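Please work through the exercises below with the sequence and the model open side by side, and try each task before reading its solution.

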Amino acid sequence: MTMTDVNKTVSNADSSVTLGQKVPVTTRLNAPEFVTNRALLRWISDIVVLTKPENIHWCDGSDAEWTALTAELVTGGVLIPLNSELRPGSFLARSDPDDVARVEDRTFICSVNEADAGPTNNWRDPDSMNAELKVLFDGSMRGRTLYVVPFSMGPFGGPISQVGIQITDSPYAVLNMRIMTRMGFDALAQIDDKTPWVPAVHSVGQPLVDESGLRIADSAWPSNSTKYICHFPETREIWSYGSGYGGNALLSKKCFALRIGSYMGLQEGWLAEHMLILKLTSPEGKAYHVAAAFPSACGKTNLAMLRPTVPGWKAETIGDDIAWLRPDADGRLRAINPEAGFFGVAPGTGEITNPVAMSTVWGNTIFTNVALTDDNDVWWEGMTEKTPSHLIDWRGEDWTPDSGRPAAHPNSRFTVPIQQCPTLADDWFESAGVPLDAIIFGGRRATNVPLVAEAFSWQHGVFIGATVSSEKTAAAEGTVGELRRDPFAMLPFCGYNMADYWGHWLALGEKMGANAPKIFQVNWFRKDDDGSFMWPGFGENSRVLEWIARRVDDEAHATIGAVGLVPSQGSLNVEGLDLNDEVLGKLFEVNEKLWLDECDLTEEFFDQFGDRLPSELTTELADLRGRLSA
Ligand SMILES: Nc1nc2c(ncn2[C@@H]2O[C@H](COP(=O)(O)OP(=O)(O)OP(=O)(O)O)[C@@H](O)[C@H]2O)c(=O)[nH]1
Ligand SMILES: O=C([O-])CC(=O)C(=O)O
Ligand SMILES: [Mn+2]
């Protein structure tokens, strides 16, 4: 096969469709009878009139619908069915090579005032953006089916849950949304005249008509080189155009659960965070709930699924990417995972690093941009120790180990129902959420940042979160490895001014007082002089989690360090690890000079927020400088 085969045109699945003929446009809504909400029907009707689809399909979320849609996409060449004995119910999709990750420079926060989006977001005036979008979406679904995808984020009717409706012309997005959310008529039935819901419109921006309005063939991965991922926080609307991939197209995820969600949280007193949620049980049977924010492709899914190497400890998964947090009546911070599936990074996931993920993807999984084996199963770098001698790579080309390029795209992903996760905690079903004992911030830092440190206070913890920086990964377009500030791992996901967001965190901490979870910082990625990781990571991270849990109970000893409380000699369990004292020392090394330099960069970073920056953070920066210079 050749590269252009990826963009090959595919036959329209519906054999009654003939190319070169006039394309009909529907105006019939076909709404299910139980839908009576006028605002909802009017919104859908407006989008239908604007986008001019040929058909409308309301997604009921049933198995029958899944079966019919996947069959249609297999016929159309969009999905490749995998070997049903090795990987039952699973499919491979190959994206356009130009549509492989979130597009942060095409992501916009369209708040009425530019200052409300803040200096870290791309801002557009809502009126002019709306006008631009109306032009782009005009007829953008011609010749396609418009899918109405109702979904609940969190258990139906739960105190932290929310509902949304995504309109999309991408059946691939529909299938992924069915895995990632509680999708279908049960979610739709949640919407009555009093329930707020988030409207989200998505089009791949490739209508099936030519200039004269005649039908043309589809491609295996329709998309448009013009991309817009737009958020209107004040009206809670999402409009996404031109991409079919991940966070650009599955609008429940980054667009709703984080960008719109974070702004809803500001207004309503809760938090929408880029965090995994993990339940730990000690050898004595005590349970701890931990949430951790790491930037994209920095280890959330892996930590959420870790298998502790410390004897007697048990870890169970609640969420791997997004957490919604809300203080309860007792002032404890409760967390839910609003999602119902994993959209996990494939490369690096293998039996040794993440056996739980490997058993989760046994079947019923959509793989995107991984390689295909000769027996029709999937493969990616890091999946097995032995590399297959022949593969079809993510672009659809023949591949051998000496091809000199990765077989799977570095941001290739698996989409899989969370209920297949063997370590899923019962708490995932709990609509009230779990009470958090600890919050962890981390990043990918080859230097400077110690393996673990505890914040001196909530306020210091917010400072730690606000100053997270991390090396760029393949999860977004851009240069991999470059260091960038990623406060709270929310840089690309905060739907409003980041300084106001820090203020919101500080206010919530004040409200919770002594009930607030403890805050920690971790770094699994410190490297030695020849560039290899000094900390073994993965299951061994349970040693750090054990220390954190013991700190929650004031059991483990800590020493005051310049950047936080660090384990006292002997208090971090490193028994049986191949780590000498010198390496251990290096994992915790704080070089005052480098840190003072970093403080200067922090000051520069803070300065751009002007007087919106909470004064508490300026105080914390001064205190840190003081400790470093002491
Ligand atoms: N060295 C090292 N690598 C890790 C560790 N944990 C995860 N990784 C690697 O980091 C990469 C990304 O890990 P994930 O767990 O998928 O990251 P994520 O934060 O869930 O990513 P998103 O889904 O993009 O938000 C994978 O290649 C992992 O193998 C660790 O403890 N040590
Ligand atoms: O949103 C995506 O495309 C994938 C993801 O989880 C992230 O980048 O954090
Ligand atoms: Mn993520």
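The exercises that follow go from the domains to the two ligands and then to the record annotations.

This is a predicted model, in which local features need pLDDT of at least 70 and side-chain atom pairs count only at pLDDT 80 or more, while totals for chains, interfaces and linings use all residues. Residues are numbered from 1 along each chain as its sequence is written, and chains are lettered from A and ligands numbered from 1 in the order in which they are written.

**Exercise 1. State how the chain is divided into domains, and describe the contact of domain 1 with domain 3.**

Step 1. The division gives domain 1 (3-79 + 102-268), domain 2 (272-337 + 426-629) and domain 3 (343-420), with bounds that come from an automatic or database domain assignment.

Step 2. The C-alpha centres of domain 1 and domain 3 are 28 Å apart, and their contact takes ten residues from domain 1 and nine residues from domain 3, where two residues are in contact if their C-beta atoms, placed from the backbone, lie within 7 Å.

Step 3. On the side of domain 1 that touches domain 3, α5 gives the most, with four residues; helices (H or I, at least four residues) and strands (E, at least two) are DSSP runs, numbered from the N terminus.

**Exercise 2. Describe how helix α2 packs against helix α5.**

Step 1. Helix α2 (residues 63-75) and helix α5 (residues 171-180) pack at an angle of about 145°, and their axes are 10 Å apart; axes are lines fitted to C-alpha atoms, for helices over the stretch in contact, and angles run from 0 to 180 degrees between N-to-C directions.

Step 2. From α2, Trp-66, Leu-69, Thr-70, Glu-72 and Leu-73 meet Pro-171, Tyr-172, Val-174, Leu-175 and Arg-178 of α5.

Step 3. Sorted by class, this contact of α2 with α5 has seven nonpolar, one polar and two charged residues, where Ala, Val, Leu, Ile, Met, Phe, Trp, Tyr, Cys and Pro count as nonpolar, Asp, Glu, Lys and Arg as charged, and the others, Gly among them, as polar.

**Exercise 3. Explain why ligand 1 lies between two domains, and do the same for ligand 2.**

Step 1. Around ligand 1 there are 22 residues, of which the closest are Ser-296, Gly-299, Lys-300, Gly-348 and Gly-537; a residue is near a molecule if its C-beta atom, placed from the backbone, lies within 6 Å of it.

Step 2. α9 gives the most to this shell around ligand 1, with three residues, and by class the shell has ten nonpolar, nine polar and three charged residues.

Step 3. Because domain 2 and domain 3 both give residues to the shell around ligand 1, ligand 1 lies between them.

Step 4. The residues around ligand 2 include Arg-102, Lys-253, Lys-254, Ser-296 and Asp-321, and the shell around ligand 2 divides into two nonpolar, three polar and four charged residues.

Step 5. Domain 1 and domain 2 both give residues to the shell around ligand 2, so ligand 2 lies between them.

**Exercise 4. Locate Cys-298, which the UniProt record includes in the feature "binding site".**

Step 1. The unreviewed UniProt entry places this "binding site" feature at residues including Cys-298, Lys-300, Arg-413 and Asn-541; UniProt positions are given in the numbering used here, feature names are shortened, and annotations may be inferred rather than shown by experiment.

Step 2. Cys-298 has its place in the loop between β16 (287-293) and α9.
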